[in-house]
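Thank you for making time this morning. I would like to walk you through one structure, so please have a look at it before I begin.

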Amino acid sequence: MTKKQKKMLFRIVLTAVLLAAAAIAPLTGVWRLLAFLVPYLVIGYDILRRAVRGIIRLRPFDENFLMAVATVGAFALGEYLEGVAVMLLYQIGELFQSVAVGRSRRSIGALMDIRPDTAAVIGDDGAVTVVSPEEVAVGSLVLVAPGEKVPLDGMVEDGESALDTSALTGESRPRTVRPGDEVPSGTVNLTSPLRIRTTRPFGASTASKILELVENAGTKKSRSEAFISRFARVYTPAVVFSALALAVLPPLVSLLLGGAADFAAWIYRALTFLVISCPCALVISVPLSFFAAIGGASRAGILVKGSNYLETLSRVRTVALDKTGTVTKGVFAVSGIHHASLPEDELLRLAAHAELYSAHPIGRSIREAYGKEPDPALVFDVFEIGGQGVTATVDGHRVAVGNDKLMTAAGASCAPCRSVGTVVHVAVDGTYAGHILIADRVKPEAAEAIAALRTEGVRKTVMLTGDRGEVGDAVAAELGIDRAFADLLPADKVAVVESLLGEEGKGEALAFAGDGINDAPVLRRADVGIAMGALGSDAAIEAADVVIMDDDPRKIAAAIRHARRCLRIVRENIVFSLAVKVVCLVLAALGLAGMWLAVFADVGVMVIAVLNAIRALRVKGDKKHV
């Protein structure tokens with residue numbers, strides 16, 4: 001509990017004791033009034049102050065005004081016990097709501113802990129100086145000891161360690177980094193010291209951008225929240241004037257008809273009507289539901305930029321996905337060796353040595369598949385032929401590694417390949433030795449992700465890729481994706497998304513998930529853009545509406561499921577709150593409900609709605625948070 005909450009709890013306990021003492025004390029007249037007035041002021045002085053301030057500022061119609069009028073009116077009618085009890089129970093409800101909001105804020109507070117406090121900068125002389133991260137220049141060398149947060153985005157220059165990325169991605173499994181690997185700020189070094197060369201200033205670092213994203217999420221209101229705000233502005237003055245009419249018109253009509261005018265009874269009904277009409281449950285629970293949902297999602301590594309995007313996510317019926325980096329790993333790797341006339345490991349050894357000096361991704365993938373460092377002493381006469389491949393003398397053999405044109409030039413007849421991917425042929429001493437298949441591997445969880453989308457009611461899945469048609473079709477068929485569009489430039493992807501948007505029904509939405517760099521235009525054009533694997537990607541964080549902080553495509557379905565659950569909770573609270581209030585308002589107007597029922601209709605409904613709202617903190621289906 002915060003200091004403010006503890007103070008309120010003390011006031012509640014003190015008021016309850018004073019109220020009990022006043023109720024059993026044999027007092028009459030002014031002494032009885034004073035006995036109840038003391039606990040009333042102890043528990044309600046802040047409500048009265050805010051009500052007076054609202055009147056002075058010409059904005060009187062809020063819950064403070066309603067509670068002040070109702071309880072002061074109860075005192076005027078001599079209902080001291082009910083006046084204090086209503087204020088006491090209202091403050092208990094407010095405390096409960098404050099604790100619930102605090103719990104939601106703590107869920108985001110865990111994310112806020114990613115902000116590093118200091119950075120240990122290594123100078124040219126080797127001396128270490130501890131400074132604020134804001135003072136560290138790009139290109140500086142920083143030392144991150146085990147247990148410390150990485151202060152700025154950078155690249156590992158020396159050291160090997162495991163990083164805890166759970167604050168950013170929601171993934172509890174440590175990530176191993178080595179020299180040459182990029183590391184985002186806000187992650188925690190676990191095992192060994194790291195020397196990191198910074199690549200961004202603190203203001204543009206991953207940690208800063210994520211914090212800014214979360215802090216600004218509350219400024220983008222959903223349609224439900226906007227409706228509740230407009231509803232409260234109209235509803236509150238309407239019920240105040242209705243209560244005034246209830247207090248005055250029936251006794252006046254009774255007088256005009258020659259009957260008795262029981263003003264006290266009708267004023268009591270009007271005051272009860274006011275207490276019941278207080279829109280606290282709606283005004284508090286609806287924004288709290290969205291706030292809790294955003295906080296819960298952030299803990300699972302899903303950052304939502306505003307509650308309006310949660311509402312859009314809940315309506316998604318079509319999901320379009322980029323291929324590379326979204327459903328595939330985005331890293332070329334050797335997926336097979338075919339038609340080899342040599343042992344496969346020997347073929348791979350010769351090809352890796354021939355590609356020793358190649359900077360091409362295909363050359364790197366062959367060297368990585370070899371798994372050892374090629375020996376430069378074995379490699380001579382290296383020639384790289386643009387658009388064809390490379391030739392070299394390796395261990396006394398003339399080796400050619402490349403496409404079919406290079407094989408023709410080497411006098412070797414290459415064998416065709418039916419598999420999907422990039423084919424790299426190898427000839428040794430003018431004789432065809434086989435070919436190596438290079439492919440972008442499908443993520444192991446991608447098929448599960450597509451199945452999860454169908455479970456969540458997504459009717460259409462589409463893949464957009466700049467890759468060749470046969471590659472796109474093969475990946476789509478493997479994963480069970482409905483349609484694939486290939487050979488697309490960024491502008492072509494926008495055109496396809498616009499066409500898909502035209503196929504959507506009323507009230508339905510389309511989501512696009514991509515890596516956020518080349519796909520920024522499509523992320524903006526879709527109803528809701530989802531950036532995948534966006535650690536450190538400025539384009540992703542700026543263009544997308546939802547950022548998934550690791551590259552797990554299963555979290556797309558998790559985000560949709562969480563958004564729908566949040567909207568279901570919001571609708572439950574709206575329907576429940578309004579239904580109870582309408583029934584109790586009718587009963588109060590008919591004189592069938594007293595102050596105690598009014599308290600239930602106000603505070604009780606608020607407590608139930610708040611309890612329901614904080615369910616949105618949990619992200620169902622995420623093992624870490626279920």
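How many disulfides does the structure hold? The structure holds zero, where a disulfide is taken as a pair of cysteine sulfur atoms within 2.5 Å. Before going further I should say that this is a predicted model, in which local features need pLDDT of at least 70 and side-chain atom pairs count only at pLDDT 80 or more, while totals for chains, interfaces and linings use all residues. Residues are numbered from 1 along each chain as its sequence is written, and side-chain values use heavy atoms, with hydrogens and water left out.

Staying with cysteines for a moment, Cys566 counts as buried at 1% relative accessibility, whereas Cys414, at 27%, counts as partly exposed. Here buried means under 20% relative accessible area, exposed means over 50%, and partly exposed lies in between, with a 1.4 Å probe and protein chains only.

Let me turn to the sheet. Seven strands form an open sheet with mixed pairing, in the order E10-E22-E21-E20-E11-E18-E19. Helices (H or I, at least four residues) and strands (E, at least two) are DSSP runs numbered from the N terminus, and two strands pair if DSSP finds at least two bridges between them. E10, residues 302-304, and E19 stand at the edges with a single partner strand each, so one side of each is left without a neighbour in the sheet. At the E10 edge, three bridges join E10 to the antiparallel strand E22, residues 546-548, and Ile302 has Ile548 as its bridge partner there.

Which residues of helix H15, which spans 469-479, are buried? They are Val471, Gly472, Val475, Ala476 and Leu479. Seen down the axis of H15, these buried residues fall within an arc of 125°, taken from the directions from the helix axis to the C-beta atoms, so they line one face of the helix. In general, an α-helix has 3.6 residues a turn, so residues three or four places apart point the same way. The buried residues of H15 pack against several elements, including strand E18 (460-464) and strand E19 (483-485), with contact meaning heavy atoms within 4.5 Å. The face turned away from the buried side of H15 carries the exposed residues Ala477 and Glu478.

Finally, Pro39 is found in helix H2, residues 29-56, and is buried, with a relative accessible area of 0%. Leaving aside residues up to four places away in sequence, Pro39 touches Thr15, Leu18, Leu19 and Val84.
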